[in-house]
Amino acid sequence: MEKQRILLAGATGYLGQYITKKLVSDGYDTSIIVRDKTKVQLEHDNLKIVEAQITNSETLKGICSDIDIVISAVGITRQKDGLTYMDVDYQANANLIDEAKKSGVKKFIYISVLNGEKLRNLKICEAKEKLGDYLTSSGLDFCIIRPNGFFSDMGDFLKMAKGGKVYLFGNGKLKLNPIHGEDLAKIVVGAISQTTKEINVGGPDILSQNEIAELALKAYSKPVKIVHLSDWIRKFALCAVRAVTNSKTYGPIEFFMTVMGMDMQAPQYGKHKLKDFFNEQVNKNLA
C-alpha cells in the first residue's frame, strides 16, 4: 500500500523538527514548507523541501497539489518582525487551509493548545481558537491536537532555580504534565490514520508546580527553596503587564501568568521525563 503524501508547515520549529524526523522514519512521502532551506539539517530520500512564506498566500499557490494530508505546527510564541499572532497563528494557517481545500487534501492536522477555548481572552489563544473555528467549518476532515505545554516551556523554572530560589503564585499545588517534542510528534503522526477530531495530550508525569520547582532546583544541586507568593500578586501583575507594555511583550507573559493559575493536566502519554530534561539542560549550560 502506497504511503500517504504529507505536507508539513512549521518544520523548523521545536516541535516541527521532531514531526519531520518521525514522518521520514515512518516512510511517509514528506514535503516541508520552510522560509529558508539552509535551516534544514535533515536530508532523506523521502523528504522534499519547499521554500515559501505562508504569511503570503501568493507563495502558496499549488503547494498542496498531490498532497493527501497537511500538518501545521505553525505558531509564534513572541510577536516579532512586525507580525502578530493574528498574522501567523490565524491568517497564515488559514491561507494553508484555503490551499488544502483547492487541491482536495484529505485531512488537515493542526497543533493548538490545551484549554484554548477557556483562554480566548489571551492574544495567543484568541488567534489559535479563531483558526480552530475556521478549520472546523472548512469542510475538510481535520484533527486539532491540544498539548498542555512543552518541556522547553518549563525553562522559567530552571532560570529561577539557577539563582537558588523558585517563586510560585499560590500554594504551588496546581498540576500539569508537559510533554517532550518527540513524544508529541508521535501523537501528531498517529493522527494521520485516526478519526478523532480533537486530542488533548500531556506527558507521562503529572506534577504539581511545587514538584516541578523541586526538580529544577535539584538539577542545579541547590537546596529546595520555594517562595510562595500570594495569588493576588499574579493577578495584579497580569493587569499591570497588559496596561504598561505592548502586545509584543505581554503576549507570552500574559499566557504564562494565566496558566500558572490553572490546573493544566491532560491525558498522559510518552516516555520522556521532565527530570531528565532538566538535568540535560543544566549539563549543557555547565559544559
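This is a short walk through one structure, telling you what to select at each stop and what you will find there. Keep in mind that you are looking at a predicted model.

**Stop 1: strand E1 and its partners**

Start by selecting residues 5-9, which form strand E1. Is this strand enclosed or open? Four of its five residues are buried, so E1 is largely enclosed by the rest of the structure.

Now add residues 29-34, strand E2: five bridges join this strand to E1, and the two run parallel. To see one pairing up close, pick Leu7 and look for its bridge partner in E2, Ser31. Next, show residues 14-25 as well, which make up helix H1. Together, E1, H1 and E2 build a right-handed β-α-β unit.

E1 has another neighbor to look at. Select residues 69-72, strand E4, which is parallel to E1 and joined to it by four bridges. Here the pair to pick is Leu8 and its bridge partner in E4, Ile71.

**Stop 2: two residues with positive phi**

From E4, step back to the loop between strand E3 (47-51) and E4, where Asp66 sits. Asp66 is not a glycine, yet its phi is positive, at about 65°. With a relative accessible area of 59%, Asp66 is exposed.

For another such case, select Asn115, in the loop between strand E5 (107-111) and H3. Its phi is also a positive value, near 60°, in a residue other than glycine. Is Asn115 buried or exposed? At a relative accessible area of 17%, Asn115 counts as buried, since the limit for that word is under 20%.

**Stop 3: a loop residue with many contacts**

Asn115 leads on to Met264, because it is among the residues that Met264 touches. Find Met264 in the loop between helix H8 (247-259) and H9. Although it is in a loop, Met264 is buried, with a relative accessible area of 4%. What does Met264 touch? Leaving aside residues up to four places away in sequence, the list is Leu114, Asn115, Asn148, Lys175, Leu176, Asn177 and Val259.

If your viewer has a distance tool, try it on the C-alpha atoms of Met264 and Ile144. They are 120 residues apart along the chain, and 17 Å separates them in space.

**Stop 4: helix H9 and its two sides**

Move on to residues 274-286, which are helix H9. The helix has 13 residues, which at 1.5 Å a residue should span 18 Å; the C-alpha atoms at its ends are 18 Å apart, so the two agree.

Color the buried residues of H9: Leu274, Phe277, Phe278 and Val282. They lie on the same side of H9, because they cover an arc of only 130° around the axis. Turn the helix over and you will find Asn283, Lys284 and Leu286 exposed on the other side.

What do the buried residues of H9 pack against? Show helix H4 (155-162), strand E10 (207-208) and helix H6 (209-219) to see those partners.

While E10 is on screen, select Ser208, which belongs to that strand. Ser208 is buried, with a relative accessible area of 8%. Beyond residues up to four places away in sequence, Ser208 touches Gly172, Lys173, Leu174 and Lys175.

**Stop 5: helices H7 and H3**

Select residues 231-244 for helix H7, whose 14 residues reach 20 Å from the first C-alpha to the last, close to the 20 Å expected. Its buried residues are Arg234, Leu238 and Val241. These cover an arc of only 70° around the axis, which puts them on the same side of H7. The face turned away from that side carries the exposed residues Trp232, Phe236, Cys239, Ala243 and Val244.

Compare this with helix H3, residues 123-136. Its buried residues are Ile124, Cys125, Ala127, Lys128, Glu129, Leu131, Gly132 and Leu135.

**Last stop: the cysteines**

How many disulfides are there? A search of the whole structure finds zero. Try Cys64: the nearest cysteine sulfur, in Cys143, is 17 Å away. Cys64 counts as buried, at 0% relative accessibility. Cys239 is also in no disulfide, and the nearest cysteine sulfur to it, that of Cys125, is 17 Å away.

How values were computed. Residues numbered from 1 in each chain as written. Predicted model: local features only at pLDDT ≥ 70, side-chain atom pairs only at ≥ 80, totals over all residues. Heavy atoms only, no water. Expected span 1.5 Å × (residues − 1). Buried < 20%, exposed > 50% of the residue type's maximum accessible area, 1.4 Å probe, protein only. Arc of directions from axis to C-beta. Contact = heavy atoms within 4.5 Å. Disulfide = S-S within 2.5 Å. Pairing = 2+ DSSP bridges. Right-handed = clockwise from strand over helix to strand, strands pointing away.
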